[in-house]
Amino acid sequence: MRELYPPIEPFQEGYLQVSNLHTIHYEESGNPQGQPIIVLHGGPGGGCPPFYRQYFHPKKWRIVMFDQRGCGQSKPHAELRENTTWDLVDDIEKLRAHLGIEKWVVFGGSWGSTLSLAYSQTHPSRCTGLILRGIFMLRQQELRWFYQEGASYIFPDAWEEYLKPIPPAERDDLLTAYYKRLTSPDIQIRLEAARAWSVWEASTSRLFLDPELMLIFGNNEFADAFARIECHYFINKGFLETENQLLLNIDRIRHIPAAIVQGRYDMVCPMISAWELHRAWPEAEFIIVPDAGHSMSEPGIKSALIEKTDKFADQPSQY
Ligand code: STX
């Protein structure tokens, strides 16, 4: 089993203004002369914690990470205006140009896999490889499974807590009921909903509950951005043109070397989506981790991801 590389500090960090409203925080770590890789975090609204650097050989990679609009150290915090999938795709291009990088490998899990697909299908010539995990394509069945009915059957105890902020009369449509509260002018209503929404995801992300993860996800500041931004994207169907857009446009990226890593017991992004992506894109290497849930910190997922980043580091970056 592969373990994380030792912790490292960024060699550069800064802010990039990407619109009148939004400024994103980015950082670079590893080797300034290494092969560039861009890390796309989950949620949306999750931000990039420092340990994400440790998935990459620090002598081989030039590791670029940034916090997507409204989360992490980006400003303004938890802002929903001017915050869509296509704004984020444009931000990735702005950051790439700002750093003087011609092409890079794209690394993303969960919502990060959604954004990786949207970005690479829009700018395929900028991508030398794709490493995707916990596949999420933001289709109605996926949202329904996690936020309305499905995962609730496996985690009825955690589900009770998720239901608490919503009165029984509104439980037929939990996404809408949550959106109303997460955008409420009453800060107490907003934060109560945000914590419950966020803790639901923390409770279901791993095979074994991690109390530390529950604390991070239950923190007001983290939860406010995470829950508001996720719900905003989901209410808006990911700002995609059609339900299956990311599957239907696979031809645009089929030629790019890729690996898909999926936990068999992923309750947040169940394996059916990874399987459908694999069927649509058989050229991409497909790795099922038999004893893992959703989180990139699950031992088998972590190991598979590091194996893949090592493998991609040893491939020539030009195609
Ligand atoms: N959202 C899944 C997702 O992208 C439905 C995700 N889940 N947890 C995360 O992201 C973080 C660990 C990045 C917060």
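Search this whole structure, which is a predicted model, and you come away with 21 salt bridges. The idea behind them is simple: side chains of opposite charge can pair when their charged atoms come close. Let's walk through a few of them.

Start with Asp87 and Arg69, whose side chains meet in a salt bridge at 3.9 Å, N to O. The two partners come from distant parts of the chain, 18 residues apart. Asp87 sits in helix H1, which covers residues 85–98, while Arg69 belongs to the loop between strand S4 (61–66) and H1. Is this pair buried or exposed? Both Asp87 and Arg69 are buried. They aren't on their own, either: Asp91 joins Arg69 and Asp87 in a network of salt bridges.

Now move to Arg81 and Glu79. Here the closest N and O atoms of the salt bridge are 2.8 Å apart. The two partners have quite separate surroundings: Arg81 is exposed, with a relative accessible area of 53%, whereas Glu79 is buried, at 13%, and the cut-off for buried is under 20%.

Further along, Lys311 forms a salt bridge with Glu285, with 3.0 Å between the closest N and O atoms. Lys311 lies in helix H12 (residues 299–313) and Glu285 in strand S8 (residues 285–289), so this pair ties together parts that are 26 residues apart in sequence. Lys311 counts as partly exposed, at 37% relative accessibility, and Glu285 also counts as partly exposed, at 29%.

Leave the charges for a moment and look at helix H5, residues 156–163. Which of its residues are buried? They are Ala158, Trp159, Tyr162 and Leu163. Looking down the axis of H5, you'd find these buried residues within an arc of 145°, so they line one face of the helix. The spacing makes sense, because an α-helix has 3.6 residues a turn, so residues three or four places apart point the same way. On the face of H5 turned away from the buried side, you'll find the exposed residues Asp157 and Glu160. And what do the buried residues of H5 pack against? Their partners are helix H3 (140–147), helix H4 (151–154), helix H6 (174–182) and helix H7 (187–204).

From H7, carry on to Phe208, which has its place in the loop between H7 and helix H8 (211–218). Phe208 is exposed, with a relative accessible area of 69%. Together with Leu207 and Tyr265, Phe208 forms a nonpolar patch on the surface, and the three share about 360 Å² of accessible area.

How values were computed: Residues numbered from 1 in each chain as written. Predicted model: local features only at pLDDT ≥ 70, side-chain atom pairs only at ≥ 80, totals over all residues. Heavy atoms only, no water. Buried < 20%, exposed > 50% of the residue type's maximum accessible area, 1.4 Å probe, protein only. Helix = DSSP H or I, 4+ residues; strand = E, 2+ residues; numbered from the N terminus. Arc of directions from axis to C-beta. Contact = heavy atoms within 4.5 Å. Patch = residues over 30% accessible without salt bridge, like charges linked within 9 Å, V, L, I, M, F, W, Y side chains within 5 Å. Areas by Shrake-Rupley, 256 points an atom, 1.4 Å probe, with all protein chains shown as cover. Salt bridge = Lys/Arg side-chain N within 4 Å of Asp/Glu carboxyl O.
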